[in-house]
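User: I should like to look closely at one part of this protein and then at its surroundings. Please take the opening in the surface as the starting point.

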Amino acid sequence: MKFQNPLLAVTDLERSVAFYQQVLGLRKIADFGANVTLTGGLCLQTLDTWKEFLHTDQVTFGSHAGELYFEEEDFTGFVQRLGTMEIRYVHPVQEHAWGQRVVRFYDPDGHIIEVGEPLRAVCKRFSHQGMTPEEIAARMDVPAALVHRCLRG
């Protein structure tokens, strides 16, 4: 068994493709008309064909039951760029207990998108603030070996 792709049903395929291209920088790698695959493997499917496949009209958007998770090395720059766009936020930037900064927002159909800092970026940020690898490990509640790997790479 091999997991292939996440697929989202969307009400307006062109609008959704444009959103993922403009906001997250994804590119179209396959276009099958009613289904588009973007870089990273994200598939977008027209709502009408999705209903056909499932033999139902009962498709609910905005259930808050899941999210698509992305990481961005230049998190600060991304958040600044996001501020220039018309984005509907789940919440503004927040910092988790382990120090990772994240932001969550909705795509045009109410699917939740989370963008966070990679853990190595968190380690480097803490290091630049003067923390030792051992202090970073304690702050993030991770093994010191992981912090050392992150700081090297």
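How many residues in the lining of the largest pocket are nonpolar, how many are polar and how many are charged?

Analyst: The model is predicted, so local features need pLDDT of at least 70 and side-chain atom pairs count only at pLDDT 80 or more, while totals for chains, interfaces and linings use all residues. Residues are numbered from 1 along each chain as its sequence is written, and side-chain values use heavy atoms, leaving out hydrogens and water.

The lining of the largest pocket holds five nonpolar residues, seven polar ones and one charged one. Here Ala, Val, Leu, Ile, Met, Phe, Trp, Tyr, Cys and Pro count as nonpolar, Asp, Glu, Lys and Arg as charged, and the others, Gly among them, as polar. The lining has 13 residues, and Ser 63, Ala 65, Gly 66, His 111 and Ile 112 lie nearest the centre of the pocket. A pocket is an open set of points on a 1 Å grid where a 1.4 Å probe fits, with protein on both sides within 12 Å along at least five of seven lines; lining residues have an atom within 4 Å of a point.

From the pocket we may turn to the interior. The largest nonpolar core (buried nonpolar residues other than Pro, joined through side-chain atoms within 4.5 Å) contains 22 residues, and Tyr 20, Leu 24, Leu 38, Leu 42, Leu 44, Phe 105 and Val 115 touch the most other members. At least two residues of this core come from each of strand 1 (7-10), helix 1 (13-24), strand 3 (35-38), helix 3 (75-82), strand 7 and strand 8 (112-116); helices (H or I, at least four residues) and strands (E, at least two) are DSSP runs. Helix 1 gives the largest share of this core, six residues. A second, separate core has nine residues, including Ile 136, Ala 137, Val 147 and Cys 150.

Three aromatic pairs are found in the whole structure, a pair being rings with centres within 6.5 Å. One of them joins Phe 19 and Tyr 20, edge-to-face (planes over 60 degrees apart), at 5.2 Å centre to centre and 85° between the planes. Phe 19 counts as buried because its relative accessibility is 11%, and Tyr 20 is buried with a relative accessible area of 0%; the limit is under 20%, with a 1.4 Å probe and protein chains only. Phe 19 and Tyr 20 form one aromatic cluster with Phe 78 and Phe 105.

Further along the chain, helix 4 (residues 119-128) has Ala 121, Val 122, Cys 123, Arg 125 and Phe 126 buried. Just after helix 4, Gly 130 takes a positive phi of about 100°.

Conventions. Buried < 20%, exposed > 50% of the residue type's maximum accessible area, 1.4 Å probe, protein only. Phe/Tyr/Trp six-rings, centres within 6.5 Å; stacked < 30°, edge-to-face > 60°.
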